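Here are my notes on the predicted model, set out as numbered points. Please read them with the structure open beside you.

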Amino acid sequence: MNNKDQLTHVYFMPGMAAKPSIFEFIKLPEDKYKVHWLAWKMPKKNESLQAYAKRMLIDITHKNPVLIGVSFGGVIVQEISKIIPVKRLILISTVKSKEELPQRMKFAKQTKLYKIFPTSLAGYVGMLEKFPVGRFARKRVQLYKKYMSVHEKQYLDWAIEQMLCWDQQKPLPDTVHIHGDQDVVFPIKNITECIVVPGGTHVMIINRFRWFNEHLPELISSGKLAE
């Protein structure tokens, strides 16, 4: 058995509409791990989340992989883990059940408000740079332009509906959940049983990559951090 046969294969799924390059700063020891980036596919008309997850399997070519998902990508890897055996399921900046969704998202689901959300405007985010917005907002726009790759209304409509209407009742067993205490998309107050990253925001996979580079090997190996 050579070293390649002994490698643990780690598949990373980005957040909603994001490029796999959000993981460009994540580095795992190459003598132990082989990193694979998953990318979003265009959903089929009226495709269920479960059917979409099954379609993602064409890109997962190793048995018993580690699955790591960010935000809506975390929902996708949870659904994939219901189809195939996995060595470890690691969630970042996401939710483990519909109960952890913030109240505003539950309200949007109940009222079907998401159906009138102007997702067709997503492709025009770059225009915001031409307006006199603040430095922080401009930085966010630049981050969006760098890492967001899917602007099609068909995808965004589907993804938003699937996220809001996800019906998982309770967390899957042995899930490792990493969450920032400054996440405004999925506030920490709604999240149970997670590893808290102090000062971590919803995009901490990008701006707190050093934390992940330090701790991911241990989490992959044991599923927890040493106290």
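1. Cys165 has a relative accessible area of 28%, and is therefore classed as partly exposed. Cys194, with a relative accessible area of 23%, is likewise partly exposed. Where disulfides are concerned, the cut-off is a pair of cysteine sulfur atoms within 2.5 Å, and by this rule the model contains zero disulfides.

2. Asp157 belongs to helix H6, which covers residues 153-164, and its relative accessible area of 26% makes this residue partly exposed. In sequence, Asp157 and Tyr114 are 43 residues apart, yet their C-alpha atoms are 8.2 Å apart in space.

3. How are the six strands of the open sheet ordered? The order is E2-E1-E3-E4-E5-E6, and the pairing is parallel. Strand E2 (33-37) and strand E6 (195-197) stand at the edges, and because each has a single partner strand, one side of each is left without a neighbour in the sheet. On average, and with direction ignored, neighbouring strands of this sheet are turned by 20° against each other.

4. Within that sheet, strand E4 (residues 88-92) and strand E5 (residues 175-180) are joined by four bridges in the parallel sense. Ile92 is the residue that stands opposite Ile178 in E5.

5. Helix H8, made up of residues 209-222, lies across strand E1 (8-13), E2, strand E3 (66-70), E4, E5 and E6. Relative to E4, helix H8 runs at about 150°.

Note on methods:
Residues numbered from 1 in each chain as written. Predicted model: local features only at pLDDT ≥ 70, side-chain atom pairs only at ≥ 80, totals over all residues. Heavy atoms only, no water. Buried < 20%, exposed > 50% of the residue type's maximum accessible area, 1.4 Å probe, protein only. Helix = DSSP H or I, 4+ residues; strand = E, 2+ residues; numbered from the N terminus. Pairing = 2+ DSSP bridges. Axes fitted to C-alpha atoms, helices over the stretch in contact; angles between N-to-C directions. Contact = heavy atoms within 4.5 Å.
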